[in-house]
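Visitor: Please take me slowly through one part of this protein and what surrounds it. I would like a close look, with each term explained as it comes up.

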Amino acid sequence: MTSLDDDALMRIAIDASRAARGVSTPNPPVGAVVVDADGEIAGVGSTSPAGGPHAEINALREAGERARGGTAVVTLEPCNHTGRTGPCSEALIDAGIARVVFAVADPNPRASGGAQRLAAAGVRVSRGVGAADAERGPLREWLFRQAHGRPHVTAKFAATLDGRIAAPDGTSQWITGPVARARVHEIRGELDAIVVGTGTVERDDPALTARHPDGSLRGHQPTRIILGDRDIRPDAQIFSDAAATIHVRGHDPREALAAAGDALAVQVEGGPRIVGAFLAADLVDALQVYLAPTVLGAGAAAVDDPTVTTLAQAHHFVLEGSQVLGDDIALTLIRVR
């Protein structure tokens, strides 16, 4: 028995996995917790950058000898193959783990089979614990890529209550307040890539970096992808050495995703034509919308998709969550398919 039940331990594992978002790509961002035979947490780990230890290994290393006879709680089924690292299933067996609890079965046939290997070695296995929360958590984008063969795409914009992202004179800083802007940078630090159009770069000269409130750079920076035919001046902030930048000529959203390589999480940050192009191509899987308590009455709309001419052609989403950020509201919406 453990002092915390399996569900509580899985929540800790899911929280731990957040540290791997954007870092572990192309590997899944996994979290693991090891509790000793007395039910006390002995180790917590998340997936290291590609080529480094998986979450189970990091948790086992922290636990040391206390892992023997204990329980491992993992957000994803322990892998059963040798790639750049060895099988986590074998590491758990070698460490003397008596029981393994995992949330989501590994859909990758090259890595799956860990549960069977553990059971064959006499390890008790429980599966499906906290599966819904794990699937909606940091594993979401990796699971999406396994199912669809492309990155999970979120379109993000900050708008007034009437859907404007800029005033008629082009001014747009700042529609939302500092709390919402800090949340934007926190999320950026968990992404693999950001996509904007050449118009946004030319007009706003954004850095598109993930920064702390004091302006310093976060530890992980997403690749910046510019989509469009216009040339960008070489001294633009988007070409700083803070992160990689790729200029994709043309207007095809699929080319932008191809340029993102093995990315799991891609965020489209504008402008309205770029967001509209991704929507028209059926390549937006989620929306991250920041609404300010402001009405402009005129100005640029958040989205420009000329392919929609009737209400029946509208792009539909369902609300997954909301958060009050100072005077603003953040909405997370998932595409209805």
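Guide: Contact means heavy atoms within 4.5 Å. This is a predicted model, in which local features need pLDDT of at least 70 and side-chain atom pairs count only at pLDDT 80 or more, while totals for chains, interfaces and linings use all residues. Residues are numbered from 1 along each chain as its sequence is written, and side-chain values use heavy atoms, with hydrogens and water left out.

A short example comes before the main part. K156 belongs to strand β6, residues 152–159 (helices, H or I of at least four residues, and strands, E of at least two, are DSSP runs numbered from the N terminus). K156 is buried, at a relative accessible area of 14% (buried is under 20%, exposed over 50%, partly exposed in between, with a 1.4 Å probe and protein chains only). Setting aside neighbours within four places in sequence, K156 is in contact with V184, Q267, V268, E269, Q288 and Y290.

Now to the part for the close look, an open sheet of five strands whose order is β2-β1-β3-β4-β5, with mixed pairing (two strands pair if DSSP finds at least two bridges between them). β2 (41–46) and β5 (124–127) stand at the edges and have a single partner strand each, so one side of each has no neighbour in the sheet. On average, neighbouring strands of this sheet are turned by 15° against each other, direction ignored (axes are lines fitted to C-alpha atoms, for helices over the stretch in contact, and angles run from 0 to 180 degrees between N-to-C directions). β1 and β2 run antiparallel and are joined by five bridges, and V33 stands opposite V44 in β2.

Helices pack here too: α1 touches β1, β2, β3 and β4, and its direction makes about 135° with that of β1, whereas α2 lies across β1, β2 and β3 and runs at about 150° to β2.

The largest nonpolar core (buried Ala, Val, Leu, Ile, Met, Phe, Trp, Tyr and Cys residues joined through side-chain atoms within 4.5 Å) has 34 residues, of which M10, V34 and I97 touch the most other members. The elements giving two or more residues to this core include β1 (31–35), β3 (71–76) and β4 (99–104), as well as α1 (6–17) and α2 (55–63). Beyond its neighbours within four places in sequence, I97 is in contact with V34, L60, A67, G70, T71, A72, L92 and V123. Another core, of 28 residues, lies apart from this one and has L257, A263, V266 and V275 among its members.
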